[in-house]
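Q: Could you teach me how to read the side-chain features of a structure, one at a time?

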Amino acid sequence: MNEAVAHLAAHGVAHRDIKPDQWLLRAPGAAAGDDEAHLLLSDFGKALALAPRADDDGAGGDGGSFETRVPLSRARAADVGAPFFQPPEVKAALARDAPDGEVDFARADEFAVGLCLHLCLSTLG
């Protein structure tokens, strides 16, 4: 799942609603010639396109780099996902209601993946 989130960030997308309900498991053999299980990320309804960095010349080969910090005013344009899976800094920024604040949604997606993994592993016993 970390690879999926890194892939999204590298291509200028923040998912913003990562939670266990969004994870799908594709069984081995579901696709022709594919003998491995795959974990997929779904529901991009709250995804946000990130702006290219001003200092990026686009020569990186991976599609360039993107501004992961988003002004809070733009972040509110759509819901930012399930509150339980938001990192503390996002909750604090939204609670302060500071129009000049920023939220790093790439890191927020990483936090949500970690929390999901913790929940999955801690409930196995």
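Q: Is Phe-84 buried or exposed, and which of these words fits Phe-85?
A: A residue is called buried under 20% relative accessible area, exposed over 50% and partly exposed in between, using a 1.4 Å probe and protein chains only. In this predicted model, Phe-84 is exposed, with a relative accessible area of 52%, whereas Phe-85 is buried, at 12%. Residues are numbered from 1 along each chain as its sequence is written, and side-chain values use heavy atoms, leaving out hydrogens and water. Local features need pLDDT of at least 70, and side-chain atom pairs count only at pLDDT 80 or more, while totals for chains, interfaces and linings use all residues.

Q: How many aromatic pairs are found in the whole structure?
A: Rings of Phe, Tyr and Trp (its six-membered ring) pair if their centres lie within 6.5 Å; planes under 30 degrees apart count as stacked, over 60 as edge-to-face and the rest as tilted. The search finds 1 aromatic pair. Phe-84 and Phe-85 form this edge-to-face pair, with 5.1 Å from centre to centre and 85° between the planes.

Q: How many disulfides are counted?
A: A disulfide is a pair of cysteine sulfur atoms within 2.5 Å, and the count here comes to 0. For Cys-116, the closest cysteine sulfur belongs to Cys-120 and is 6.6 Å away, which is too far for a bond. Cys-116 is buried, at 0% relative accessibility, whereas Cys-120 is partly exposed, at 34%.
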